[in-house]
Every structure is written in structure tokens, then in C-alpha cells.
Amino acid sequence: MSARGAPSAQADEPGELSAATKIAGTLLANLEQVVLGKADVLRLVVAAFSARGHVLLEDVPGTAKTMLARALAASVEDTEAVRIQCTPDLQPTDVTGLSVWDPPSRRFEFRPGPVFANVVLVDEINRALPKAQSALLEAMAERQVTVDGVTRPLPAPFFVIATENPIELDGTFPLPEAQLDRFLVRTSLGYPGLDEEIRIVEGQVHGHPLDSLRPVVSRDELAQLLAAVERVYVDPLLRGWIVEIVRATRELAELEVGASVRGSLALDRMARAVALVEGRGYATPDDVERLFVPVLAHRFVPSAETLASSETRSELLQRIQARCLERAPRPAPLWDAPE
């Protein structure tokens, strides 16, 4: 952004983006009632939801992944949530649905699968066979399902939260890059802190917190939130820097495969969504840097030599991010402080 100062929000009506930010804040506050001590991750999930994207949670069991999906669905009026428990015997039709012969009508009738819901939790997705994993590809990318040559649209909103267990790899089938690329972000909830865990135990003495959770956002308000993300301003210089960062991943010796153009689109979209959730009508370089790992880390493939190093995964990603920023230095200052 130029030194002329941060731009005003590109809204059709005054206050439209601030109204959308309030809706996101209401949604976030409702989630925080049942998922304690994870404000940063929840903000990222709400931003991905606002950006019409899907989320991959890489976490051990018992870290509120299912609760998060159910709470998200329960926070919006007339929204259905389902859970697909992935196992090696899961078939594609167990996800998409299938046509069943109906004797009275003497014709096949389509029975929708669990993917025909608003919020779909795909638990331990890497335990499903590749043919079952691929059943989600069209649904996640196109928001539609084709069965027996007939294409059927999925309900709106449509949001997938998939989970992976990183500590039990026996009997699992790693997601191919094409499947990973369908997730807007990959993150983890992790264990709660001591105080939060005590509050969780105390809060479930007399019942589950989800039982008292009520919808706080209407379908019209949700549509307003989703539309507002598209009107968040991204300066041409900032957008160019986003593309340069993604292209830098394709030039590093540490990476066998860099991020595709879909990575540039995802980083741009999430920068706008995070800005909106945080109450701004414009994205900043800080937004882009914070989103490098959750948006891009699952879109590139480290080389064998890189994986053989003694670095932890976190150290490796930090080094790759630093190397990309060396190749695509941040234009500074992109703008003066907003007035």
C-alpha cells in the first residue's frame, strides 16, 4: 500500500463491514463458551468459515474438535451438523449417498449421504481409503456431488472440518496433495491450559455445555458476513507481495514441490477474512505473515534432505517462512499508520 495512508473500507453502505465484524464477534463469543482458552484458533476457524473455506485440524483425540464443529453449527439458525467417522471400510457412497431401488415407484431414488449438511466433521480423515477420501474432493471444491451422472448442489453454507491424528499412523492413508489443497487452513487446537481444563471439568459436572448453547446468528446475518469478506480491501502492492511469497516456495531447495496458484488465492482470501474478524476494512502485511503457516504449510512438500534434518516441524516451517521472506522481502513501509 502506498504512503497515502490506509484506505477506507470498500463497502456498498456505510458501516456494512463493521456490522459484519460484529456478527463474526458474536459467533466467536458463542464458540468460546464451549471451547475454552483457544481464542486464536477459534478466530482462525471463524475467519475460514467467513471466507467459505474448509479447515483441517491435526490433533490428538480429546481436544474439542467435535465440540467445535457442533458448536459452530449450533451457533447459526437452521444449520445442520453431521459427523463422518472415517474407517478403512468407509465407502464413497457412505459419504455422498446412493440411488436405491424403490419398488412402488419402480425407479431408483437418491438417498443423500451425510455430506449433505451445513457443517460436516470428517473425523480421522486419514483412516479412510483414498477412494473414500476422494469422494470429498468434488464436494469441497465445487460444493456439489455427482452420483449416477446427476449433479446435486450441497446446502449453503457448506463447511468441512476434518481431523487427523498425528500420533497413530498404523492403518492410515496420508492425504494426497490434491486433497490437502482443498483445505483453506490447517491448524490444531492443542491441549487447554491448566485453568481452562479445570473450568472444563467443572462445567461438565451438571451437563454438557453444548446443551445450553443457542443460535446467535441468523442465516441472513451469516450471508451478510460471507459477502462482506469480498469487500475487504487488499492493496495491489500487498496482493503482489502475496503472490511473490507463494512463488518463492517454488524456488527453495528445501522444498520438492511449492505451493500452487491456489495458495495465492487462499492467502489473499484469508488475509481479508482475518482483517474483517479483527474489525478492519483492509488487510495488512502482518495478516499475511501470520497466515503463512496455517494457509501454506500443507500446500508444499519438503525435500527428503529437509525432512531428514533434526529440526522439529515448527522449526522447519519457521525456517521455510524466513527463506521465503528473504526471496520476497516485505515492501516497507507499505503504508502510513491509519488515520
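Let's start with the inside of this protein: buried residues account for 49% of the 339 residues in the chain. Keep in mind as you look around that the model is predicted.

The overall build comes next. The chain is made up of 14 helices and eleven strands. Its radius of gyration is 21 Å, close to the 20 Å that the globule rule gives for 339 residues, so the chain is as compact as a globular protein of that length. If you rotate the C-alpha trace onto its principal axes, you will find that it spans about 70 × 50 × 50 Å.

How is the chain connected to itself? Taking contacts between residues at least 6 apart in sequence, 79% of them join residues at least 24 apart.

Now step to the outside. The accessible surface of the chain is about 16100 Å², and carbon and sulfur atoms hold 52% of that area. As for charge, the chain carries 35 positive and 48 negative charges, and the mean positions of these two sets are 4 Å apart.

With the whole in view, zoom in on one residue, Thr187. You can find Thr187 in strand β9, which covers residues 185-187. Is Thr187 buried or exposed? Its relative accessibility is 16%, and because the cut-off for buried is under 20%, Thr187 counts as buried. Its surroundings are easy to trace on screen: setting aside neighbours within four places in sequence, Thr187 is in contact with Val41, Leu44, Val55, Leu56, Leu57 and Glu58.

Aromatic rings make a good last stop. A pair of aromatic rings is described by the distance of the centres and the angle of the planes. There are four aromatic pairs in the count. One of them joins Phe49 and Phe159, with 5.0 Å from centre to centre and 65° between the planes, an edge-to-face arrangement. Phe49 sits in helix α2 (residues 39-50) and Phe159 in strand β8 (residues 159-164), so this pair ties together parts that are 110 residues apart in sequence. Both partners are buried: Phe49 has a relative accessibility of 5%, and Phe159 has 1%.

Another pair to look up is Phe110 with Phe116. Their ring centres are 5.8 Å apart and their planes meet at 70°; because an angle over 60 degrees counts as edge-to-face, that is the label for this pair. Phe110 and Phe116 are both buried as well.

How values were computed: Residues are numbered from 1 along each chain as its sequence is written. This is a predicted model: local features need pLDDT of at least 70, side-chain atom pairs count only at pLDDT 80 or more; totals for chains, interfaces and linings use all residues. Side-chain values use heavy atoms; hydrogens and water are left out. Helices (H or I, at least four residues) and strands (E, at least two) are DSSP runs, numbered from the N terminus. The radius of gyration is taken over C-alpha atoms; the globule rule is 2.2 Å times the number of residues to the power 0.38. Buried means under 20% relative accessible area, exposed over 50%, partly exposed in between (1.4 Å probe, protein chains only). Contact means heavy atoms within 4.5 Å. Accessible areas come from the Shrake-Rupley method with a 1.4 Å probe; for residues, only the protein chains shown count as cover. Lys and Arg count as positive and Asp and Glu as negative; His and the chain ends are not counted. The place of a charge is taken as NZ of Lys, CZ of Arg, CG of Asp or CD of Glu. Rings of Phe, Tyr and Trp (its six-membered ring) pair if their centres lie within 6.5 Å; planes under 30 degrees apart count as stacked, over 60 as edge-to-face and the rest as tilted.
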